[in-house]
Amino acid sequence: MDLRRLRYFVAVAETRSVGKAAERLRMAQPPLSVQIRKLEAEVGAPLFHRGTRGMDLTDAGQALLARAGEALALAADGIEAARAVAAGRRGRISVGYMFVLANAVLPRLIPELRRSIPGVDLDFVDLSASTREARLLDRSVTVALCMPAIHHPEIQVARIGAQRLMLAMPNRSPLARLGAVPMARLQGRPLIALPPPERDPASSAVAALLRRHQIVMPIASRVETAHSAMSLVLAGEGFAILPACAKLGAPRGIVFRPLRDATDSIDIAVCWRRDSESPLIPRFVKCAEKVVARL
């Protein structure tokens, strides 16, 4: 049913006059009368008793009026909801995040998002190195907080910060007594490694750091998350080179030390599908930048 005709019908029903309704609607009387007759033809029954005292509703007209206002209100709500979503005032955003960033970023980011986009529903999805790209591509998540960035032709990246690489080790290790660990002291020690970047393994920040200093650390284990890496470090299986923010989620018994003569860092990035048209993404990036700048 044409919503325009419903509006015309309600105006005539409320004013009990085609002429007065036409004035309210700012249109000529003859085309309004035509639209009312077409509506009656569509319903299959007269909607008005036409008399010298005005237009009175028939029983069919009463039944239609009882629901017409609700239908028009719902349509108006729908239009407003669509406008709000298009403007980024309402909607839903699914945020993927890598564990290494959880403790450092989420406790600050979530309140910031609640303040900046209060009408938007938020949900959060834990990602690993092997799932983050797929979850973005299949639209399981709208945006992903990644470290490092994802390199894929269908994924857009905004670099929002960086974290210095540090050495994670058991507190019982002799190296834990040092304020900063010389790179040479890592030679030959077993490394608990995270997966290299999906499409360019040679671009791994840790691999580049070791290569530049001509240090060889045999890989004892390769794990999916910083949390798993720290568990193996605590078990005495090796050392891990992790971003500084990982220490916020470190179990008791793990210590972090800077690497002497090495200021290498790893990027923090917001990633999303290039073809995404969500107006919430720029607002999310702005909030994430603000939070990461305070780390």
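Where do Arg-115 and Glu-112 both lie, and how many residues apart? Both sit in helix H5 (residues 99-116), three residues apart, which is about one turn of the helix. Helices here are DSSP runs of H or I with at least four residues, strands are E runs of at least two, and both are numbered from the N terminus. Before going on, keep in mind that this is a predicted model, where local features need pLDDT of at least 70, side-chain atom pairs count only at pLDDT 80 or more, and totals for chains, interfaces and linings use all residues. Residues are numbered from 1 along each chain as its sequence is written, and side-chain values use heavy atoms, with hydrogens and water left out.

Back to that H5 pair. Arg-115 forms a salt bridge with Glu-112, and their closest N and O atoms are 2.7 Å apart. The term salt bridge stands for a side-chain nitrogen of Lys or Arg within 4 Å of a carboxyl oxygen of Asp or Glu. The two partners sit in opposite settings: Arg-115 counts as exposed at 55% relative accessibility, while Glu-112 is buried at 5%. For these labels, buried is under 20% relative accessible area, exposed is over 50%, and partly exposed is in between (1.4 Å probe, protein chains only).

Across the whole structure, the search turns up twelve salt bridges. One of them joins the side chains of Arg-24 and Glu-14, at 2.7 Å from N to O. Arg-24 belongs to helix H2 (residues 18-25) and Glu-14 to helix H1, so this pair ties together parts that are ten residues apart in sequence. Arg-24 itself is partly exposed, with a relative accessible area of 46%.

Next, look at Arg-50 and Glu-40, whose side chains meet in a salt bridge of 3.0 Å, N to O. Here a strand is tied to a helix: Arg-50 lies in S1 and Glu-40 in H3 (residues 29-43), so the linked parts are ten residues apart in sequence. Arg-50 is partly exposed at 49% relative accessibility, whereas Glu-40 is buried at 12%.

Strand S1 is worth a longer stop. With strand S2 (residues 54-57), S1 pairs in the antiparallel sense over four bridges; strands pair if DSSP finds at least two bridges between them. The two strands form a hairpin with two residues between them, and Gly-51 has Gly-54 in S2 as its bridge partner.

S1 also takes part in the one aromatic pair that the structure holds. Phe-9 and Phe-48 make up this tilted pair, 5.5 Å centre to centre with 55° between the planes. Rings of Phe, Tyr and Trp (its six-membered ring) pair if their centres lie within 6.5 Å; planes under 30 degrees apart count as stacked, over 60 as edge-to-face and the rest as tilted. Phe-9 sits in helix H1 (residues 3-15) and Phe-48 in strand S1 (residues 48-51), so the pair links distant parts of the chain, 39 residues apart. Both rings belong to buried residues, with Phe-9 at 0% relative accessible area and Phe-48 at 4%.

Finally, move along to the loop between strand S5 (143-146) and strand S6 (155-170), where His-152 lies. His-152 is buried at 11% relative accessible area, and a polar atom of its side chain lies 2.9 Å from the backbone nitrogen of Glu-154. Glu-154 turns up again in a network of salt bridges that links it with Arg-139, Arg-273 and Asp-275.

Technical notes: Polar contact = N/O pair within 3.5 Å; in protein donor to acceptor, adjacent residues only side chain to side chain.
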